[in-house]
Amino acid sequence: MTIHAMSAVDAAWYHMDGPANTAMVTGMLVTRTPLDFAKVREVYRQRLLGFDRFRQRVVERGIAFSTPHWEDQPDFDLDQHLHHIALPAPHDRAALSALIDDIASQPLDHAQPLWQAHVIDGVEGGSAVITRYHHCIGDGTAMMAVMQRLYDTDPDTPPDALAERERPGMRGAASRKLAHGFDAMARAARKAGMPPPASAQPALPQPSTVDKAKLLLAGAGMLVSELLKWPDPKSPLKGDFQPRKRVAWSEPVAIADVKAIGAPTGAKVNDVLVAGMTGALRAYLKRRGVDVNRTTVRAMVPVDLRPPERFGELGNEFGLVILDLAVAKARATDRLAQTKVRMDALKRSPEALAMRVLLDIFGRGPKPLEAFANQIFGSKASVVMTNVAGPREQLYLAGTPIDRMMFWVPHPGRQLGMGISILSYRSQASLAVIADAHLVPDPETITALFNREFSTMLKALSAAAAEAPPDRTAKTGKGKARTGQGRKTATKRQARPPRTPTARGPRVEKGRRRAAT
């Protein structure tokens, strides 16, 4: 039986479970046509179990104080983790949401490997797969490596194609196509200002020992300044937790729309999505009686720090930064401008590296010390927020096309009442919210407000385009302004309504597309 110590950072995440708030990540994919459970089971058996972590449980061992270790599960049984159920009537979104509420509210059995998946039949004529795993298994970047194993870009890929993918150089045709798809994800993530997924990042030069020391010193100073901040004020997002969870997810927004909104000010995709989420929180808190013009809402945001040599591995390799959300700004354009400034500052900040080192230190100590540190840092924020750039092309599970994908990030501990996550897939982004049901009984209001915020920003973009001065070329009629024909041409061009983005994807001029990227 294999037994080895858990890494310090993974141990820190293992110990972040609160009495009513576990550090579990929940993911969902939806298909329009039914999944074949037998085929899905074979894919999981052939591919997912290739990761040792999904066949290992966590045990505490030690003399002075116990620390978590990975141990092979005796007589591992896949059917204890992969379940096949049917969605209750009326088989709609509300029924699916209620089912996920129940699943997300249940702790996992720590005597078993810390993951489970439910294949759900009868979801509006198709299927869904709900997957849960403990954060100690891996972060969002690591889960992209799991996604790369489980899902295909070709519906005819056999379940045992994993062996072909793992050969040096990924020589198989299907493997090359899948690798190309994840490389595209990395390119899209870099343009959007998001961390690229695992197995897709280029090798980056690593800082020297001296540079690392300087970064750590600078980051330590920033951490001290964060600790000196007053905690986030009491609000509907903070309070005593109960075991019950509520989940919700938005309608998808087109990435092309997001780019169009950000293009005039140079805002990245990530900036626009965070600003949209901030506007939704502002509106929600205002409905709950909060003076949004005189409050602060901070978010704990993960930043990927995985070194190139660990791409494709499980585990946690990220730091955390604290982002002040622009909830006090009344106008959507002002929220976007302030969000961009603050996001740009965080990208240059050494705070994430310092926090990563701090997690490593906490993970080597006893759980009471770690719990005390988590309470201090957790009090400075109200929500956990993450944004992941997912695949841009169509993916398949067991030969069935995946229509939508999303996930719910945990908000562990005793202070952070809600987790907000954004995942893009097939050039559309979805926002998902998971919250303590006692504090936020209606997270679907937040996701609806997120979609409303995007409609507001698109309308503002259209209004700005309509008010913009006409193009000089149009005024002169391509050099014919002094002739009657030229003046007539100019008049016609000025009378045309501006092209505005729509929910199905904007029609923007080529110049604007270039600016957005």
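The exercises below work through a sheet, a nonpolar core and a helix pair in a predicted model.

**Exercise 1.** Determine in which order the strands of the open sheet are arranged, and which of them are the edge strands.

*Solution.* Begin with the order of the 5 strands, which is β5-β6-β7-β2-β15, with mixed pairing. Then look for strands that pair on one side only, which are β5 (82-86) and β15 (404-408), the edge strands. Finally, consider the twist: neighbouring strands of this sheet are turned by 15° against each other on average, with direction ignored.

**Exercise 2.** Work out how β6 is joined to β7, and how β2 is joined to β15.

*Solution.* Take β6 (residues 115-123) and β7 (residues 126-134), which run antiparallel and are joined by 8 bridges; within this pairing, V119 has V129 in β7 as its bridge partner. Next take β2 (residues 24-31), which runs antiparallel to β15 and is joined to it by 5 bridges, and where L29 stands opposite M405 of β15.

**Exercise 3.** Decide whether the residues on the two faces of β15 are buried or exposed.

*Solution.* Recall that in a regular strand the side chains alternate between the two faces of the sheet. Assign the residues accordingly: R404, M406 and W408 lie on one side, M405 and F407 on the other, and all of them are buried. The strand is thus mostly covered, with 5 of its 5 residues buried.

**Exercise 4.** Identify which residues of the largest nonpolar core touch the most other members, and list the contacts of W115.

*Solution.* The core has 59 residues, and those touching the most other members are Y44, F54, W115, I137, Y151, L397 and M405. Its largest share, 6 residues, comes from helix α4 (residues 140-150). For W115, set aside the neighbours within four places in sequence; the contacts are then Y44, L48, L49, F54, F76, L78, H81, L108, R132, Y133 and I137. A second, separate core of 50 residues includes L237, M385, I420 and F454.

**Exercise 5.** Establish how the axes of helices α8 and α9 cross, and which residues make the contact.

*Solution.* Start from the geometry: the axes of α8 (residues 255-262) and α9 (residues 269-287) come within 9 Å and cross at roughly 95°. Angles of 65 to 115 degrees count as roughly perpendicular, and α8 and α9 are therefore roughly perpendicular to each other. Then collect the contact residues, which are I255, V258, K259, I261 and G262 of α8, together with V269, V272 and L273 of α9. Sorted by character, the residues of this contact comprise 6 nonpolar, 1 polar and 1 charged.

Notes. Residues numbered from 1 in each chain as written. Predicted model: local features only at pLDDT ≥ 70, side-chain atom pairs only at ≥ 80, totals over all residues. Heavy atoms only, no water. Pairing = 2+ DSSP bridges. Helix = DSSP H or I, 4+ residues; strand = E, 2+ residues; numbered from the N terminus. Axes fitted to C-alpha atoms, helices over the stretch in contact; angles between N-to-C directions. Buried < 20%, exposed > 50% of the residue type's maximum accessible area, 1.4 Å probe, protein only. Core = buried A, V, L, I, M, F, W, Y, C linked by side-chain atoms within 4.5 Å. Contact = heavy atoms within 4.5 Å. Parallel < 35°, antiparallel > 145°, perpendicular 65-115°, else oblique. Nonpolar A, V, L, I, M, F, W, Y, C, P; charged D, E, K, R; others polar.
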